[in-house]
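Please look over the structure shown below, together with its sequence, before reading on. The report then takes up the overall fold, the nonpolar core, one helix pair and several individual residues.

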Amino acid sequence: MALKVYGYDVGSPPNQSLASGYLTFTQGNPRTRIVRSIAAAQGIEIELSESIPRQNINRDFLISRFPRSRGKIPVLEGHAVTLTEYLAKLKPSNLLGDGSVEQEAEVLSWVNWANQELLMIMSRWFLPLIPGLARPAPYNKAAVETGKEATIAILDIHEKMMQRKEYLVGDHITLADIFVAIYLSRGMERVLDAEWRARHPESMRHFNMVANWGPVKQAVPHFTFIEKESPNVDPYSQ
Ligand SMILES: N[C@@H](CCC(=O)N[C@@H](CS)C(=O)NCC(=O)O)C(=O)O
């Protein structure tokens, strides 16, 4: 029986970009995409039940059924980190490293960094700039600017760390690679534009390696990239 996961990922048709006006916030939730990629890697069937908290789609249901989620996705019976760890352990795999406690700790340290630092810092830049939400993130010009500076700084450190690194941990793709790459793709949808990508070849090499890995490709056939970063203006001001 398929595991039921609440989240959203409608996917995107090939050759569509932000410029064409196709992309909305409802395109694909990164945490849901990570769960789907790991389930694909493990050959575990997932039934995705649509829940889009920032569009108020099934948010009340989530809050009543899973109060700990506070209406946030994805949900199985836990949050994204425990859910992916659970999937990684359901069948033997290298998703948590080579089986040693040392590698598992290293993988989980990357996952926690991606979840709590990378995505949180990036979202201070891109989230308030997303138009068309029923529950938008609050906009403050100075806060977006500070979020941009913090994002650029943390990603510059990441670029240096990626030099000579194929996989983040050990000799295989692990949860660490999947979390970092898919969260980075969230930034590339809105703010990390063509110029940024050209200036971060090591991060892009790692991202492309993960994006082209079979299970990720199966879960997310097409990532969307912005050409020019979204300007720092309130998308709800007009
Ligand atoms: N700790 C949770 C956080 C989940 C989370 O923040 N999900 C975001 C989408 S990536 C969400 O549902 N946001 C809607 C909201 O803040 O209302 C996890 O790691 O799964």
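What follows describes the chain as a whole and then turns to its parts.

## Overall fold

The model is predicted, and its chain contains nine helices and two strands. Followed along the sequence, these elements come in the order β-α-β-α-α-α-α-α-α-α-α. The C-alpha atoms occupy a box of roughly 55 × 45 × 30 Å along the principal axes. The radius of gyration is 17 Å, which agrees with the value near 18 Å that a compact globule of 238 residues would have. Of the 238 residues, 35% are buried, and among the contacts with a separation of 6 or more, 74% are between residues 24 or more positions apart.

According to an unreviewed UniProt entry, residues 100–232 carry the annotation "domain: GST C-terminal". In the model this span is 65% helix and 0% strand, and the C-alpha atoms at its two ends lie 45 Å apart.

## The nonpolar core

In soluble globular proteins, nonpolar side chains tend to be buried together. The largest nonpolar core of this chain has 50 residues, of which I38, L175, A176, I178, F179, V180 and Y183 touch the most other members. At least two residues of this core come from each of β1 (3–7), α1 (30–42), α3 (80–90), α4 (101–126), α6 (175–190), α8 (201–211) and α9 (214–219). Helix α6 makes the largest contribution, with 10 residues.

Two residues, Y183 and S185, show contacts in this part of the chain in more detail. Leaving aside residues up to four places away in sequence, Y183 touches P30, A114, L118 and L119. S185 lies in helix α6, and with the same neighbours in sequence left aside, S185 touches P30, F207 and F223. P30 is thus named among the contacts of Y183 and also among those of S185. S185 is classed as buried because 21 other C-beta atoms lie within 10 Å, where 20 or more are required. The C-alpha atoms of S185 and F225 are separated by 7.7 Å, although the two residues are 40 positions apart along the chain.

## The pair α4 and α5

Helix α4 packs against helix α5 (residues 141–161) at an angle of about 140°, and the two axes are 6 Å apart. The crossing in which α4 passes α5 is left-handed. On the α4 side the residues that meet the partner helix are E117, L118, I121, M122, R124 and W125, and on the α5 side they are A143, V144, G147, K148, A150, T151 and I154. L118, listed here on the α4 side, is also one of the residues touched by Y183.

W113 is found in α4 as well. W113 has 17 other C-beta atoms within 10 Å and is therefore partly exposed. Between the C-alpha atoms of W113 and E159, which are 46 residues apart along the chain, the separation is 15 Å.

## Loops and backbone geometry

Most residues other than glycine have a negative phi, and most peptide bonds are trans. The table lists two residues other than glycine with a positive phi.

| Residue | Phi | Citation of value |
|---|---|---|
| N58 | near 60° | positive, in a residue other than glycine |
| R164 | near 65° | positive, in a residue other than glycine |

N58 is placed in the loop between β2 (46–50) and α2, whereas R164 is in the loop between α5 and α6. Are these two residues buried, partly exposed or exposed? N58 is partly exposed, since 18 other C-beta atoms lie within 10 Å, while R164 counts as exposed because its C-beta neighbours inside 10 Å number 6.

A cis peptide bond, with omega of about -5°, joins I73 and P74, and P74 is placed in the loop between α2 (59–65) and α3. I73 is also one of the residues touched by P53, along with R59, G71 and K72, when residues up to four places away in sequence are not counted. P53 itself lies in the loop between β2 and α2, and P53 counts as buried because it has 23 C-beta neighbours inside 10 Å. The C-alpha atoms of P53 and P67, 14 residues apart along the chain, are separated by 14 Å.

Conventions. Residues numbered from 1 in each chain as written. Predicted model: local features only at pLDDT ≥ 70, side-chain atom pairs only at ≥ 80, totals over all residues. Helix = DSSP H or I, 4+ residues; strand = E, 2+ residues; numbered from the N terminus. Rg over C-alpha atoms; globule rule 2.2 N^0.38 Å. Buried ≥ 20, exposed ≤ 12 C-beta atoms within 10 Å, placed from the backbone. Contact = placed C-beta atoms within 7 Å. UniProt positions renumbered as here; feature names shortened; annotations may be inferred. Core = buried A, V, L, I, M, F, W, Y, C linked by C-beta atoms within 7 Å. Axes fitted to C-alpha atoms, helices over the stretch in contact; angles between N-to-C directions. Left-handed = near helix turned anticlockwise from the far one by under 90°.
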